[in-house]
Amino acid sequence: MDFLRNYLDKIKPHFEAGGRFSMFQSLFEGIETFLFVPNKTAQSGVHIHKSIDSKWTMSIVLVALLPCLLFGMFNTGYQHYLSIQESPGFLMTFIYGFLAVLPIIVVSYVVGLGIELAVAQWKGHEIQEGFLVTGLLIPLIVPIDTPLWMIALATAFAVIFAKEVFGGTGYNIWNVALVTRAFLFFAYPSKMSGDHVFVRTEGIWGIGKGAVADAFSGATPLGQIGQASTSISITDTLGNPVNYWDLFWGFIPGSVGETSKFCILLGAILLLITGIANWRTILSVFAGGILTILLFNAIGSTPAMQINPLEQILLGGFAFGAVFMATDPVTSPRTQTGKYIFGGAVGVFAMMVRVLNPGYPEGMMLSILFMNSFTPLIDYYVVEAHIKRRQRRSKNILFSPVHSAFGSN
């Protein structure tokens with residue numbers, strides 16, 4: 001590592017102002033700060049030095065996402081081979097999923113980081129670390145069969161119009177990864193729903209070729225519920241019944257990183273231990289969703305209204321959204337009370353959309369984006385309420401009998 005550090009120090013003057021490659025200064029600084037912690041320190045004034053910075057935060061979130069990514073790759077291969085009724089073993093199953101997911105990751109990072117690099121160079125500032133997480137979230141929340149050019153277009157739209165126009169990392173109102181998915185959903189709805197978009201049936205580089213079984217149905221469990229007119233039993237790709245353990249471990253069709261609740265739980269534990277995610281938001285999302293489902297269970301008669309709370313939170317992207325999306329520190333409230341309000345509303349609206357709109361059984365994306373819009377308003381009224389409460393407390397102390405007796409002197 002000393003060799004690499006010395007080499008970077010040697011070529012650094014060429015990328016600074018006046019150097020031969022000054023036009024790539026932002027790119028060089030981005031690579032340097034990714035490899036090494038900056039050694040610059042404040043020289044004057046009052047400053048607080050803290051080990052938790054945006055780079056450290058993003059690195060922890062990436063580690064928390066790795067279980068979902070790795071299992072998502074395996075499940076992509078598992079669903080493919082299940083659809084053609086073959087069992088090539090763990091290694092080949094994972095390799096197939098790896099080859100299917102990797103191009104999506106590459107496109108997401110190349111397009112998103114490319115735009116951020118161009119904007120950073122144009123404005124003359126450093127590349128921010130925010131897209132390191134966003135670039136991985138996007139492949140985890142889209143169907144595996146989404147065309148790469150659509151992902152590129154949606155990523156470019158989200159980065160430009162949901163992030164850079166607001167000022168870049170830390171200034172965006174909406175979650176950039178969810179804006180990417182929303183763009184795909186509304187611009188290309190046929191590629192975001194249906195029986196085949198969540199299961200890759202084609203071979204990749206000669207791997208996984210085969211004929212799809214006659215009983216094949218790639219509809220997700222939520223898709224099956226949304227299409228049902230009577231009571232329903234959730235099944236897998238070949239029509240076999242799915243139990244709670246299947247839902248928990250994630251052996252079902254769905255977006256790449258959203259199926260395994262076990263992997264999401266591992267990520268949540270890491271985020272909570274390190275303090276990156278706030279437990280108030282996560283807890284209130286689940287509380288709001290469970291209470292809403294209990295209400296629908298009591299008054300409803302449609303298949304979606306009859307699904308119990310445990311099954312509902314194990315289905316779709318509800319758990320993934322609660323852990324990795326609703327807790328986004330940029331687009332969620334800063335105040336502690338605001339986190340309860342925000343999370344509870346996300347859970348309520350997600351279940352309302354899921355249950356009441358059979359055409360769109362997954363409501364987590366719309367719910368979080370909707371509440372992102374109200375985040376500044378929530379924080380504003382929470383702070384105002386706190387100020388008024390303190391003013392009333394001060395007034396009561398000022399006019400209390402004890403203060404009147406001793407304060408006049």
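Helix 3 crosses helix 5 with a left-handed turn; left-handed means that the near helix is turned anticlockwise from the far one by less than a right angle, right-handed that it is turned clockwise. This is a predicted model, where local features need pLDDT of at least 70, side-chain atom pairs count only at pLDDT 80 or more, and totals for chains, interfaces and linings use all residues. Residues are numbered from 1 along each chain as its sequence is written, and side-chain values use heavy atoms, without hydrogens or water.

Back to the pair. Helix 3 spans residues 54-83 and helix 5 residues 130-140. Helices here are DSSP runs of H or I, at least four residues, numbered from the N terminus. The angle is about 15°, and the axes lie 9 Å apart. Axes are lines fitted to C-alpha atoms over the stretch in contact, with angles from 0 to 180 degrees between N-to-C directions. So helix 3 and helix 5 are roughly parallel, a label for angles under 35 degrees; over 145 is roughly antiparallel, 65 to 115 roughly perpendicular, and the rest oblique.

Who touches whom? From helix 3: M58, V61, L62, L65, C68 and L69. From helix 5: G130, L132, V133, L136, L137 and L140. Contact means heavy atoms within 4.5 Å. By class, that is 11 nonpolar, one polar and no charged residues. Nonpolar covers Ala, Val, Leu, Ile, Met, Phe, Trp, Tyr, Cys and Pro; charged is Asp, Glu, Lys and Arg; the others, Gly among them, are polar.

Next pair. Helix 11 (residues 279-299) and helix 14 (residues 318-325) cross at roughly 150°, axes within 9 Å. That makes the two roughly antiparallel. The crossing of helix 11 and helix 14 is right-handed. I282, V285, F286 and G289 of helix 11 meet F318, A319, A322 and V323 of helix 14. The split is seven nonpolar, one polar, no charged.

Now the core. The largest nonpolar core has 95 residues. Such a core joins buried Ala, Val, Leu, Ile, Met, Phe, Trp, Tyr and Cys residues through side-chain atoms within 4.5 Å. L65, L137, L271, F320, F324, M325 and M364 touch the most other members. Helix 4, residues 90-123, gives the most, with 11 residues. Beyond four places in sequence, F324 touches A64, L65, C68, L137, I264, G267 and L271.

Last, Q79, in helix 3. Buried or exposed? Buried, because its relative accessibility is 2%; the cut-offs are under 20% for buried and over 50% for exposed, partly exposed in between, with a 1.4 Å probe and protein chains only. Outside four places in sequence, Q79 contacts V199, T237, F251, I252 and P253. Q79 and I252 are 173 residues apart along the chain, yet their C-alpha atoms are separated by 7.4 Å.
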